[in-house]
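Colleague: I would like a close look at one part of this model, with the surroundings brought in where they matter. Please give the cut-offs as you go.

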Amino acid sequence: MGLFTVIDHRAFKTLHLIAGEFQSYAPIGTVSNGRIQLDGSRIGVEELSASYKIINKWMGRVYIYTWMWTLHDKGPEEDLVIKCEFSGKMKTGRQVRFFSKSHAPLVEWLNQDKRIKELCNSIDYELLELRYSSREQRWRVEMRPNYGDFIWILLPPVKYARKPKPQEIQDTMSLIKRLAKLIKKEERGV
């Protein structure tokens, strides 16, 4: 058993602990291969999962907490990628903007939805990306919030993980639910 195997095991325990904080919204289903599947039906999504994106550093590793979820939709006729970007500072009025290289009405709806912008601002996201596959007729959404990461450094010996605050738990699940409704056109009046 190598050093990284032991660290990976500790990181996965932390992942399970963090995902467990969300059980009142999405109960944990299966747990395997460094991924935790949750039942996202209560919040209107399919295949909700929590996992870590692993980044190797010199003398350490960073495990970045990642939410992934999917949603079936007979939406756009072409593949589409929508990203969220932040500008400004959190304390002095940060701006949220969704953008895509393709013209898509959904981008406009996302940028006009004040509640989605509020929810995005409530948690600092390293990544918030919506991808649509026209072949699969499915959205895949990836979200990397600023909670849940597991950091391990050999020298000086440090291991660190931050559990989400109750408001962050509620805001994350509210954002997923709101995005799903907007994708399904329930909030667009279409």
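At the start of helix 3, which residue has a side-chain oxygen that reaches to within 3.1 Å of the backbone nitrogen of Arg115?

Modeller: The residue is Asp113, whose side-chain oxygen comes to within 3.1 Å of the backbone nitrogen of Arg115 at the start of helix 3. A pair like this is judged as a polar contact (N or O atoms within 3.5 Å; within protein, one must be able to donate a hydrogen and the other to accept it, and residues adjacent in sequence count only if both atoms are side-chain atoms). The model is predicted, and local features are given only at pLDDT of at least 70, side-chain atom pairs only at pLDDT 80 or more, while totals for chains, interfaces and linings use all residues. Residues are numbered from 1 along each chain as its sequence is written, and side-chain values use heavy atoms, with hydrogens and water left out.

Helix 3 spans residues 114–122; helices (H or I, at least four residues) and strands (E, at least two) are DSSP runs, numbered from the N terminus. Ile116, Leu119 and Cys120 of helix 3 are buried (under 20% relative accessible area, against over 50% for exposed and in between for partly exposed; 1.4 Å probe, protein chains only). Why do these three belong to one side of helix 3? They cover an arc of only 100° around the axis, so they sit on the same side of helix 3. The arc is taken from the directions from the helix axis to the C-beta atoms. Strand 5, strand 6, helix 2, strand 7 (125–133) and helix 4 are among the elements that cover these buried residues, where contact means heavy atoms within 4.5 Å.

Helix 2 (residues 105–112) is arranged in a similar way to judge from its own lines of burial: Leu106, Val107 and Leu110 are buried there. Their arc around the axis is only 105°, which puts them on the same side of helix 2. The cover over them includes strand 5 (80–87), strand 6 (95–99), helix 3, strand 8 (138–145) and helix 4 (166–183).

Helix 4 also holds Glu168. Glu168 is buried, at a relative accessible area of 9%. The side chain of Glu168 makes a polar contact of 3.0 Å with that of Arg162. Beyond its neighbours within four places in sequence, Glu168 is in contact with Ile123, Asn146, Tyr147, Arg162 and Lys163. Asn146 is 22 residues away along the chain, and the two C-alpha atoms are separated by 9.7 Å.

Another acidic residue, Asp73, is placed in the loop between strand 4 and strand 5. Asp73 is buried, with a relative accessible area of 10%, and a polar contact of 3.0 Å joins its side chain to that of Trp139. Leaving aside neighbours within four places in sequence, its contacts are Tyr132, Gln137, Arg138, Trp139, Ile183 and Lys185. From the C-alpha atom of Asp73 to that of Ala104, 31 residues apart along the chain, the separation is 15 Å.

Strand 4 (residues 60–72) contains Thr66, which is buried, with a relative accessible area of 3%. A polar atom of the Thr66 side chain lies 3.1 Å from the backbone oxygen of Ile64. Not counting residues up to four places away in sequence, Thr66 touches Ser49, Ala50, Ser51, Lys53, Glu142, Met143 and Arg144.
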